[in-house]
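Work through these exercises with the structure open beside you. Try each task before reading its solution.

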Amino acid sequence: MILSLNPEDNGTSGTLGSKEEPEPTGPEEREKLKIVLADDHTLVRQGIETLLSGKEAYEIVGQAGDGYEALELIEEHEPDIAIIDISMPRLNGLEAARKLKDKGMNLDVIFLSMYDDEGYIRRAIKTGASGYLLKEDAIDELEEAIESVSNGFHYMSPPILTSLVEMTERGLSAIEPDVLDRLTSREREILQLIAEGNSNKEIAELLSRSVETVRTHRANLMEKLDIHSAEEIREFALKEGIIKDEEK
C-alpha cells in the first residue's frame, strides 16, 4: 500500500504527512534499477532473485547475508534500491540502514520482516526507510513496492500501515524515542555482537578496534541499559528483536 510520510519529522505528531506528489515514471521510461538484496536466508534471496530477474526493469547487482556485507556491496555498486531483511546476523538491517543514512548514501531502502511489531516499525521509519514489507506478502507486493519507492513514494504492507494508523489514533509518534536511542551506533553494534556470543577479542578483530576500546563500549552500554552480564545482554537483545531466537 502506497503512502506518503515524512521520516524527518521531529516526532511530535506521529501523523502521516503529505508531500508534493512526484511525477511517476514507468519501467519503460528509465534505465534499469540497480538492486542489492540482503537476507541471511539463501532461499529468500533466491526467491526474490527469481521474481525480479525475469523483469527487464531491474538488475540485481549484489547479494548479502548480513549487514556488513550489505554495506560493502552498496558502497561498491551504488544501487538505486536495497532490499534488506531487518533481522540479520553480525549487523542487523536496521543498524545497516542507519549507517547508510549517516553516510548520506543516495538510495531507497525497503525492509523485509517477519514482524509487524510497533517497535520494529518505529525503528524502521526512523532510519529513513522507504518501504516495509512483511515477508509473507513480499512475493505479491515487492514489484509494486519497488516501483512506488522509485517514484518517490513510501510503501508499507497493509498490516504495517494499519499499525501506523493505530499508533496515530493513540496519540503515539511513529518515530518517538525508544530504549536503543540511549546507545551510540557503535554501542548498538557491539550489543548485537555480544548477544550473538562473540568475545571482546572477536569483536575487536571484526571491527578493527582494540580490545580495550571494545571493553569500554561494552561497559558504557551495560551502564546505560542497567545490564550486568552477557546473559542479560542476550535476553535484552532477544526482547528488543535485535537478534532472533533460533530455538523458536
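**Exercise 1. Arg188**

Task: Find which backbone oxygen lies 2.9 Å from a polar atom of the side chain of Arg188.

Solution.
- Start at the side chain of Arg188. One of its polar atoms lies 2.9 Å from the backbone oxygen of Leu183.
- Place the residue. Arg188 is part of helix α7. The model is predicted.
- Check its exposure. The cut-off for buried is under 20% relative accessible area. Arg188 has 12% relative accessibility, so it counts as buried.
- List its contacts, setting aside residues up to four places away in sequence. Arg188 touches Glu95, Arg98, Leu180 and Leu183.

**Exercise 2. The whole chain**

Task: State how many helices and strands the protein chain has, and what share of its residues is buried.

Solution.
- Count the elements. The protein chain has 10 helices and seven strands.
- Take the buried share. Of the 248 residues, 49% are buried.
- Turn to contacts with a separation of 6 or more. Residues 24 or more positions apart account for 68% of them.

**Exercise 3. Strand β4**

Task: Decide whether strand β4 is largely enclosed or not, and name the strands joined to it.

Solution.
- Go through residues 81–85. Five of the five are buried, so β4 is largely enclosed by the rest of the structure.
- Take the faces in turn. Ile81, Ile83 and Asp85 are buried on one side. Ala82 and Ile84 are buried on the other.
- Look at β2, residues 33–38. Four bridges join β2 to β4, and the two run parallel. Ile35 stands opposite Ile81 here.
- Look at β5, residues 108–113. Five bridges join β5 to β4, again in parallel. Here Ile81 stands opposite Asp108.
- Add the helix. With α3 (residues 93–102), β4 and β5 make a β-α-β unit, and the unit is right-handed.

**Exercise 4. Strand β2 and its crossover**

Task: Follow the chain from β2 to β3 and give the handedness of the crossover.

Solution.
- Begin with burial. Five of the six residues of β2 are buried, so β2 is largely enclosed by the rest of the structure.
- Find the pairing. Six bridges join β2 to β3, and these strands run parallel. Val36 stands opposite Gly62 in β3.
- Trace the path. The chain leaves β2, passes through α1 and reaches β3. This β-α-β crossover is right-handed.

**Exercise 5. Helix α1**

Task: Test the length of α1 against 1.5 Å a residue, then find what covers its buried residues.

Solution.
- Compare the spans. The 12 residues of α1 (residues 42–53) should span 16 Å, and the end C-alpha atoms are 16 Å apart, which agrees.
- Pick out the buried residues of α1. They are Arg45, Ile48 and Leu52.
- Consider their directions. They cover an arc of only 65° around the axis, which puts them on the same side of α1.
- Recall the general rule. An α-helix has 3.6 residues a turn, so residues three or four places apart point the same way.
- Turn to the face away from the buried side. Leu43 and Thr50 are exposed there.
- Name the cover. The elements over the buried residues of α1 include β2, β3 (58–64), β4, β5 and α5 (138–150).

**Exercise 6. Helix α9**

Task: Say which residues of α9 are buried and what lies over them.

Solution.
- Check the length. α9 (residues 211–225) has 15 residues and reaches 21 Å from first C-alpha to last, close to the 21 Å expected at 1.5 Å a residue.
- List the buried residues of α9. They are Val214, Arg218, Leu221, Met222 and Leu225.
- Read the arc. They cover only 100° around the axis, which puts them on the same side of α9.
- Name the cover. It includes α7 (185–195), α8 (200–207) and α10 (230–239).
- Step past the helix end. Just after α9, Asp226 takes a positive phi of about 55°.

**Exercise 7. His77**

Task: Classify His77 as buried, partly exposed or exposed, and find its contacts.

Solution.
- Place His77. It lies in α2, residues 67–77.
- Classify His77. Its relative accessibility is 25%, so it counts as partly exposed.
- Find the contacts, leaving aside neighbours within four places in sequence. His77 is in contact with Lys34 and Val61.
- Look at the side chain of His77. It reaches the backbone oxygen of Val61 at 3.3 Å.
- Compare sequence with space. His77 and Gly62 are 15 residues apart in sequence, and their C-alpha atoms are 7.8 Å apart.

Technical notes
Residues numbered from 1 in each chain as written. Predicted model: local features only at pLDDT ≥ 70, side-chain atom pairs only at ≥ 80, totals over all residues. Heavy atoms only, no water. Buried < 20%, exposed > 50% of the residue type's maximum accessible area, 1.4 Å probe, protein only. Pairing = 2+ DSSP bridges. Right-handed = clockwise from strand over helix to strand, strands pointing away. Expected span 1.5 Å × (residues − 1). Arc of directions from axis to C-beta. Contact = heavy atoms within 4.5 Å. Polar contact = N/O pair within 3.5 Å; in protein donor to acceptor, adjacent residues only side chain to side chain.
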